[in-house]
Amino acid sequence: MPCTRALRRLVVCFAAALAAIFLLDPPSSFATWGASAQAGSAKLGGRTVSCRYGKVIFNDKLPDLGMAARGTIWLNRKLLRKFPGSFQQFVFLHECAHQ
């Protein structure tokens, strides 16, 4: 019986995680922060990187280096500039992988 409850909880958590992955959109408040968008590519660390799965939005008021949400990659250039080019590219590719 306890195993059945644990399994049921695991299934519910897994379903909730899948729903979050496939249903979440970027918060609408981010759109009002004066972000600039580019179609799927960005120049980071002296190289052009691209992601065919989503557009790129630069927003220096984003509270993190980057985030991804349903067809959109959000990057904070102000924070990214503090790191080497290879790490900037890693952050971009990491967010692209979420797509």
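# A guided tour of a predicted model

Start by selecting residues 17-35, where pLDDT stays under 50; the model has 24 contacts beyond four places in sequence for this stretch. Here pLDDT is the predictor's confidence in each residue, from 0 to 100, and contact means heavy atoms within 4.5 Å. This is a predicted model, in which local features need pLDDT of at least 70 and side-chain atom pairs count only at pLDDT 80 or more, while totals for chains, interfaces and linings use all residues. Residues are numbered from 1 along each chain as its sequence is written, and side-chain values use heavy atoms, with hydrogens and water left out.

**The whole chain**

Now zoom out and colour by confidence. The protein has a mean pLDDT of 74, with 65% of its residues at 70 or more. Which helix has the lowest mean pLDDT among the elements, and which the highest? Helix α2 (residues 28-31) is the lowest at 44, and helix α3 (residues 77-80) the highest at 92.

Switch to a cartoon view to see four helices and six strands. Helices (H or I, at least four residues) and strands (E, at least two) are DSSP runs, numbered from the N terminus. Along the sequence, their order is α-α-β-β-β-β-β-β-α-α. Of the 99 residues, 27% are buried, where buried means under 20% relative accessible area, exposed over 50%, and partly exposed in between (1.4 Å probe, protein chains only). Among contacts between residues at least 6 apart in sequence, 43% join residues at least 24 apart.

**The hairpin of β5 and β6**

Next, select residues 66-69 and 72-75. These are strands β5 and β6, which run antiparallel and are joined by four bridges; two strands pair if DSSP finds at least two bridges between them. Pick Ala68 and look across to its bridge partner in β6, Ile73. Two residues lie between the strands of this hairpin, and Arg70 takes a positive phi near 30°.

Stay in β5 and click on Met67. Met67 counts as partly exposed because its relative accessible area is 21%. Then add His98: the C-alpha atoms of Met67 and His98 are separated by 8.8 Å, although the two are 31 residues apart along the chain.

**A glycine in a loop**

Move to Gly54, in the loop between β3 (47-50) and β4. Is Gly54 buried or exposed? Gly54 counts as buried because its relative accessibility is 10%. Show what surrounds this glycine: leaving out residues up to four places away in sequence, Gly54 touches Gly40, Gly71 and Thr72. Gln99 is 45 residues from Gly54 in sequence, yet the two C-alpha atoms are 7.0 Å apart in space.

**The largest nonpolar core**

A nonpolar core is a set of buried Ala, Val, Leu, Ile, Met, Phe, Trp, Tyr and Cys residues joined through side-chain atoms within 4.5 Å. The largest one has 13 residues, of which Leu44, Leu75 and Phe92 touch the most other members. At least two residues of this core come from each of β2 (41-44), β4 (55-58), β6 and α4. Helix α4 gives the largest share, three residues.

Select Phe92 and display its contacts. Beyond four places in sequence, its partners include Ala42, Leu44, Val56, Ile73 and Leu75.

**Along helix α4**

Now select residues 85-98, which form helix α4 and contain Gln89; Gln88 lies in this helix too. Gln88 is buried, with a relative accessible area of 10%, and Gln89 is also buried, at 13%. Not counting residues up to four places away in sequence, Gln88 touches Leu44, Gly45, Leu80, Arg81 and Phe83. With that same exclusion, Gln89 touches Leu44, Gly45, Arg47 and Val49.

**Rings to finish**

Last, show the aromatic side chains. There are two aromatic pairs in the structure. Phe83 and Phe87 form a tilted pair, with 4.9 Å between centres and 45° between the planes. Rings of Phe, Tyr and Trp (its six-membered ring) pair if their centres lie within 6.5 Å; planes under 30 degrees apart count as stacked, over 60 as edge-to-face and the rest as tilted. Phe83 is partly exposed at 34% relative accessible area, and Phe87 is partly exposed at 30%. Add Phe90 to see the cluster that ring pairs make of Phe83, Phe87 and Phe90.

Your final stop is Phe58, where Arg77 lies over the face of the ring, at 3.9 Å from its centre. A charge sits over a ring if NZ of Lys or CZ of Arg is within 6 Å of the ring centre and within 35 degrees of the ring normal.
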